[in-house]
Amino acid sequence: KYSLATYDIQRPLSEVINGLNDFQPDILMGYASSLAMLAQRQASGELKISPRWVQSSGEVLTEADWELIESTFGVPLFNVYSCSEHLIMGYGTRQFGGTYLFEDDLIFELDTEHTLVTNLFNYTLPLVRYRMDDILERQENGQQIYPYTKIKNIAGRRENIPYFINNRGEEDFISPHVITEFHVRNVCRYQFEAVDKAKCIFRVCLEKGLSAQGEEETIREVQARLGQIFEKKGMTNVSRRVEVVDELLPDPKTGKFRVILV
């Protein structure tokens, strides 16, 4: 038996920190960006926990964040490579010198631009050569502990984190996952810009052929959804503007489109 506590990333950060200080977890698990943020609060003395195990999953883990998390909490970090479609796909530690792919029930085809994954256990909805934007780089050298393909790097999309000053005058953040999973009917593309710590702009491209009434209803739904997100984080003081645009272009320097601009 063990006690389990979960903390909603959409709630104010101070609530999460207070909850963790009260709970004193032996095992700490979360997104890489959230763990890095908690490590910063641990270093500043606001968070006071002593986990014996820290595990990252569901997000690209940078070398800088890996070092920060391990050095701050003083324990090894275990990184799980996973996704909703295929569940756990790999596992990595510093001892491994990389991440091993779980090839007992998954088939990986590595490309310089993407990765194709076929799973052998999904009978209801087979996923054959399912394309993922993750770019996996093989680790050719070093000790081979397990008989699976070892990768030294996972390159995937990692969005910026927007910070704002909340109703209590404290700095807090909106999780990138909340924004990238923003769904409102008739919105075909969108971009969130944190202008400063008190203001944001939400740009949307709407489906073609909407009536004027349809556009108005869609904009109201977008505003309502944004309001729910900021209210839950205790940031109703942050100014939010919705702009309807014809198109959203990628960064001219990088050629990549960013959902979140800071």
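In the predicted model, helices H2 and H3 pass each other in a left-handed crossing. Helix H2 covers residues 32-44 and helix H3 covers residues 63-73; their axes come within 9 Å and cross at roughly 40°. That angle makes H2 oblique to H3. On the H2 side, the contact is made by Ala32, Leu35, Ala36, Leu38, Ala39, Gln40, Gln42 and Ala43, and these meet Asp65, Leu68, Ile69, Thr72 and Phe73 of H3. Sorted by class, the residues of this contact are 9 nonpolar, 3 polar and 1 charged.

Helix H2 also meets helix H1, which is formed by residues 13-23; here the axes come within 12 Å and cross at roughly 70°. An angle from 65 to 115 degrees counts as roughly perpendicular, and H1 and H2 are therefore described as roughly perpendicular to each other. The crossing of H1 with H2 is right-handed, whereas that of H2 with H3 is left-handed. Leu13, Ile17 and Leu20 of H1 take part in the contact, together with Met37, Leu38 and Arg41 of H2. In this contact, 5 residues are nonpolar, none is polar and 1 is charged. Leu38 of H2 appears in the contact with H1 and also in the contact with H3.

These helices belong to a chain with 5 helices and 16 strands. The chain has 262 residues, of which 41% are buried. Its C-alpha trace spans about 60 × 45 × 40 Å along the principal axes. When contacts between residues at least 6 apart in sequence are considered, 54% of them join residues at least 24 apart.

Among the strands, S6, S7 and S8 form an open sheet of 3 strands in that order, with antiparallel pairing. Strand S6 (106-110) and strand S8 (130-132) are the edge strands, and each pairs on one side only. On average, neighbouring strands of this sheet are turned by 25° against each other, with direction ignored. Strand S7, made of residues 115-119, runs antiparallel to S6 and is joined to S6 by 5 bridges. The two strands form a hairpin, with 4 residues between them. Within this pair, Leu106 has Asn119 of S7 as its bridge partner, and Phe108 stands opposite Val117 of S7. On the other side of the pairing scheme, S7 and S8 are antiparallel and share 3 bridges. Val117 takes part here as well, with Tyr130 of S8 as its bridge partner.

The burial of S7 was examined residue by residue. Because 5 of the 5 residues of S7 are buried, the strand is largely enclosed by the rest of the structure. Its two faces are both covered: Thr115, Val117 and Asn119 are buried on one side, and Leu116 and Thr118 are buried on the other.

A second open sheet contains 4 strands in the order S15-S14-S13-S16, and its pairing is mixed. Strand S15 (239-244) and strand S16 (260-261) are at the edges; each has a single partner strand, so one side of each is left without a neighbour in the sheet. Helix H5, residues 212-232, packs on this sheet and touches S13, S14 (199-206) and S15. The direction of H5 makes about 150° with that of S15.

The mixed pairing can be followed from strand to strand. S13 (residues 187-196) is parallel to S16, and the two are paired over 2 bridges. One residue involved is Glu193, whose bridge partner in S16 is Leu261. S13 and S14, in contrast, run antiparallel and are joined by 8 bridges. They form a hairpin with 2 residues between the strands, and Ala194 stands opposite Cys200 in S14. S14 and S15 are again paired in the parallel sense, over 6 bridges. In this pair, Arg203 has Glu243 of S15 as its bridge partner. Strand S14 is largely enclosed by the rest of the structure, because 7 of its 8 residues are buried.

Notes: Residues are numbered from 1 along each chain as its sequence is written. This is a predicted model: local features need pLDDT of at least 70, side-chain atom pairs count only at pLDDT 80 or more; totals for chains, interfaces and linings use all residues. Side-chain values use heavy atoms; hydrogens and water are left out. Axes are lines fitted to C-alpha atoms, for helices over the stretch in contact, and angles run from 0 to 180 degrees between N-to-C directions. Angles under 35 degrees count as roughly parallel, over 145 as roughly antiparallel, 65 to 115 as roughly perpendicular and the rest as oblique. A crossing is left-handed if the near helix is turned anticlockwise from the far one by less than a right angle, and right-handed if clockwise. Contact means heavy atoms within 4.5 Å. Ala, Val, Leu, Ile, Met, Phe, Trp, Tyr, Cys and Pro count as nonpolar, Asp, Glu, Lys and Arg as charged, and the others, Gly among them, as polar. Two strands pair if DSSP finds at least two bridges between them. Buried means under 20% relative accessible area, exposed over 50%, partly exposed in between (1.4 Å probe, protein chains only).
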